[in-house]
Amino acid sequence: MSTPKETTPRRFCSPPAPVTGWGRFPAREARLCANEDLPLVTPHATLSRGLGRSYGDAALPAKAGDALASTVLADRLLCFDPETGVLRAEAGCPLWRIIELFLPRGWFPPVTPGTKYVTLGGMVAADVHGKMHHSQGTFGAHVVSILLEVSDGRQIECSPENETELFDATLGGMGLTGHILEVAFRMQKVPSPWILEEVDTFPDVRSLLLALRDAGQRWPFTVAWADLLNPPPLFGRGALMKGRWASPEEAPAHPPAAKKSFRVPAVFPDWFLQPWMVRAFNRLYFYRAQRAKGGRVVHPETFFYPLDALHDWNRVYGPRGFTQYQCVLPVEQGFDVHERFLYRLRELKAPVFLAVIKDCGPEGRGILSFPRPGISYALDMPLSDRTQHIVDELNEIVVAVGGRIYLAKDALTRPQHFRAMEPRLERFLTVRRKWDPSLRFRSALSARLFGDQA
Ligand SMILES: Cc1cc2nc3c(=O)[nH]c(=O)nc-3n(C[C@H](O)[C@H](O)[C@H](O)COP(=O)(O)OP(=O)(O)OC[C@H]3O[C@@H](n4cnc5c(N)ncnc54)[C@H](O)[C@@H]3O)c2cc1C
């Protein structure tokens, strides 16, 4: 399958304007330059940017006003082999388009994050994981090869067999090894285009965590939601969602129709979202989950992308924005550590408006890839004067127990904390320096955490 080039080349280059990640914090001026022929803009850019769904400063320039290569126009599917399931596409190809084309034909990406509004380049650069990490690993585990433009302009095809160090540094390397131009990865054949979902509720966080780990042994997709605003004894009560592809016998005869979606029309005022509103919403959500207990066949988008039903939902957090603090904590030392971590949130009066908990399986090959065996917590908090303190305190625990944070979500981690939780960092920086001695590729994140020149 291939998409022919249009005759008029599509391109744009915006004047300097503030750009943010999904959390709307921090903001930095950047020029976004895009061309359907990506190598025409990459030589002038210090970083690539996809659909800007990373939350913090990973897709922002190190220096205000710098040019970023926006990949969104380099979005062609290049070839697909139905024998092997290998799909090759340009880095700006959005995941939603791949799903739209391939799901009705019986194929789905083996790993998907919690939104379909990401590009293939962004999926590789963050080495994204999803509700299937315990069963499928990260996206990088399914990548066959990457075409990467490195700092001296050469285009290198790297893979698990060729230029392996560069390949491993690029998976989860947050765009700091070069511009990803093309990605080839293995799609998964699915028995039907529907998901069989089972929902359970749990009265406290310990039973929820135990059930999440246990479900991972039997279900390929698992995710938990916990209410961290409730006072004890209801603190951390939540719902566990388990899923698998429905068999043809279980699935409806017709393919899933496009889902209806809505848009948040404007940025809400700062005072709008109050903890009492979220508490009420959480209560409702919990009761709905109780009612939904048991098995049912659902639209894959309902299961994988519940938040995509509301476009621009990040505007609800107001002009200051929000942060998603995501860390993974090991389970080797048992669940006491996890409970202590969650109760520390309560002591800190952290306003966790959304808490998503995932089971993580073995570590992948990406040098800086986020997931490691354990449990991951993704915690959405509105930005306030206290947020930095909360993040510092949480990072102290993460360092002490041997966990780590996720760079694709981070905006506030301090360099000393990151170094302390990342023994792999030196190896990454060595490979990066080998391919980019003058550190041409840099971002606001690499300036903050690795001390790159702004
Ligand atoms: C609602 C929501 C749910 C999410 N759920 C999950 C989840 O479950 N699991 C998970 O892992 N992530 C999740 N994410 C995060 C998201 O998957 C990652 O941040 C992903 O990298 C975003 O892709 P993007 O195309 O928007 O990249 P951007 O945000 O634009 O960029 C992210 C990073 O990739 C780099 N990059 C992008 N394109 C290229 C390229 N062509 N070449 C080199 N570098 C490049 C950028 O420089 C930057 O460092 C979620 C995000 C949202 C908003």
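This is a dialogue between a trainee and a mentor on how to read some features of a predicted model.

Trainee: Where should I begin with the ligand, and which residues come nearest to it?

Mentor: Begin with the residues that surround the ligand, of which there are 32, and among these Gly50, Gly114, Gly121, Gly122 and Gly175 come nearest. By character, the residues of this shell divide into 15 nonpolar, 15 polar and two charged.

Trainee: Which helix or strand supplies the largest share of that shell?

Mentor: The largest share comes from H2, with three residues. At least two residues of the shell are supplied by each of strand E4 (48-49), helix H2 (120-125) and strand E11 (179-186).

Trainee: How should I read the nonpolar core, and which of its residues touch the most other members?

Mentor: The general idea is that nonpolar side chains tend to be buried together in soluble globular proteins. In this structure the largest nonpolar core has 128 residues, and Val124, Ile146, Val183 and Val352 are the ones that touch the most other members. Take Val183 as a case: once its neighbours within four places in sequence are left aside, Val183 is in contact with Ala89, Ala91, Leu120, Gly121, Val124, Val143 and Ile146.

Trainee: What about a residue in a strand, such as Val328: is Val328 buried or exposed?

Mentor: Val328, which lies in strand E19, counts as buried because it has 25 C-beta neighbours inside 10 Å. Not counting residues up to four places away in sequence, Val328 touches Cys360, Phe370, Pro371, Arg372, Gly374, Ile375, Ser376, Gly403 and Arg404. A separation in sequence can also be set beside one in space: Val328 and Val128 are 200 residues apart in sequence, and from C-alpha to C-alpha they are 14 Å apart.

Trainee: How do I read the sides of a helix, and which residues of H8 are buried?

Mentor: The general idea is that an α-helix has 3.6 residues a turn, so residues three or four places apart point the same way. Helix H8 (residues 336-347) has twelve residues, and from its first C-alpha to its last it reaches 16 Å, close to the 16 Å expected at 1.5 Å a residue. Val337, His338, Leu342 and Leu345 are buried in H8. These buried residues cover an arc of only 135 degrees around the axis, which puts them on the same side of H8. The exposed residues Asp336 and Glu347 are carried by the face of H8 turned away from its buried side.

Trainee: What covers the buried residues of H8?

Mentor: The cover includes helix H5 (205-215), strand E19 (322-329), strand E21 (374-382) and helix H9 (387-401).

Trainee: Which residues are buried in H5, and why do they line one face?

Mentor: In H5 the buried residues are Val205, Leu208, Leu209, Leu212 and Ala215. Seen down the axis of H5, these residues fall within an arc of 135 degrees, so they line one face of the helix. Their cover includes strand E13 (195-202), strand E14 (221-226), strand E15 (238-245), H8, strand E20 (354-360) and E21.

Trainee: Which residues of helix H1 are buried, so that I can repeat the exercise?

Mentor: In helix H1 (residues 95-102), the buried residues are Leu95, Ile98, Ile99 and Phe102. Seen down the axis of H1, they fall within an arc of 95 degrees, so they line one face of the helix. Strand E8 (107-108) and H2 are included in what covers them.

Trainee: How should I read the backbone, and which peptide bonds are cis?

Mentor: As a general rule, most residues other than glycine have a negative phi, and most peptide bonds are trans. Here, the peptide bond from Phe25 to Pro26 is cis, with omega near -5 degrees, and Pro26 lies in the loop between strand E2 (17-20) and strand E3 (27-35). The bond from Pro232 to Pro233 is also cis, with omega near 5 degrees, and Pro233 has its place in the loop between E14 and E15.

Trainee: What is the phi of Lys349, and where is Lys349 found?

Mentor: Lys349 has a phi near 55 degrees, a positive value in a residue other than glycine, and Lys349 is found in the loop between H8 and E20. Lys349 counts as exposed because it has 9 C-beta neighbours inside 10 Å. Leu439, although not a glycine, has a positive phi of about 50 degrees, and its place is in the loop between helix H11 (425-435) and helix H12 (444-450). With 17 C-beta neighbours inside 10 Å, Leu439 counts as partly exposed.

Conventions
Residues numbered from 1 in each chain as written. Predicted model: local features only at pLDDT ≥ 70, side-chain atom pairs only at ≥ 80, totals over all residues. Near = placed C-beta within 6 Å. Helix = DSSP H or I, 4+ residues; strand = E, 2+ residues; numbered from the N terminus. Nonpolar A, V, L, I, M, F, W, Y, C, P; charged D, E, K, R; others polar. Core = buried A, V, L, I, M, F, W, Y, C linked by C-beta atoms within 7 Å. Buried ≥ 20, exposed ≤ 12 C-beta atoms within 10 Å, placed from the backbone. Contact = placed C-beta atoms within 7 Å. Expected span 1.5 Å × (residues − 1). Arc of directions from axis to C-beta.
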